[in-house]
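Q: Please take a close look at a single part of this model, and set it in the context of the chain as a whole.

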Amino acid sequence: MSPEKLKKTIYITAGTLCLILGGIGIVLPLLPTTPFWLLTCWFYLRSSQTLYNRVMQNKRFGSYVRGFLVDKSISLRAKVLSIGTIWVSAIFTFALLQVALWLKILLFVIFLSVSWYILSFPTKKKKG
């Protein structure tokens, strides 16, 4: 196998793995969705224009990824869902985990940082 073909195969495999992990992140709140889908786009763009186009044109999450990559914005609905999920997860994590205080503080800082990051993006304007 040529080095170029091997690289393409590795990128497609990594992109597919990221796509699957992003999909799992929809139902598993502590697993991020957006970073995995953005990585999927990065890997597919460098290996298969066809797979990249399929992600960007997907009915379920294509507009979400496009908005993030192209417009550098997040819809209000996506912001509310993301931040809501993060903080519901945080509440359950703090209530159920019996761990050291420093770890709870670290998790709180992570949850706060991710929330701040999401809020730092402009809210996508509705068309029309």
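A: The part described here is helix H1, after a short account of the whole chain.

This is a predicted model, in which local features need pLDDT of at least 70 and side-chain atom pairs count only at pLDDT 80 or more, while totals for chains, interfaces and linings use all residues. Residues are numbered from 1 along each chain as its sequence is written, and side-chain values use heavy atoms, with hydrogens and water left out.

The protein chain holds 6 helices and 0 strands, where helices (H or I, at least four residues) and strands (E, at least two) are DSSP runs numbered from the N terminus. Of its 128 residues, 29% count as buried; buried means under 20% relative accessible area, exposed over 50%, and partly exposed in between, with a 1.4 Å probe and protein chains only.

Helix H1 covers residues 3-27, and its 25 residues reach 37 Å from the first C-alpha to the last, close to the 36 Å expected at 1.5 Å a residue; that expected span is 1.5 Å times one less than the number of residues. The buried residues of H1 are Tyr11, Ala14, Gly15, Cys18, Gly22 and Gly25, and what covers them includes helix H2 (34-45). An α-helix has 3.6 residues a turn, so residues three or four places apart point the same way.

Lys5 also lies in helix H1, but Lys5 is exposed, with a relative accessible area of 51%. The C-alpha atom of Lys5 is separated by 9.3 Å from that of Ser47, which is 42 residues apart from Lys5 along the chain.

Definitions and conventions:
Contact means heavy atoms within 4.5 Å.
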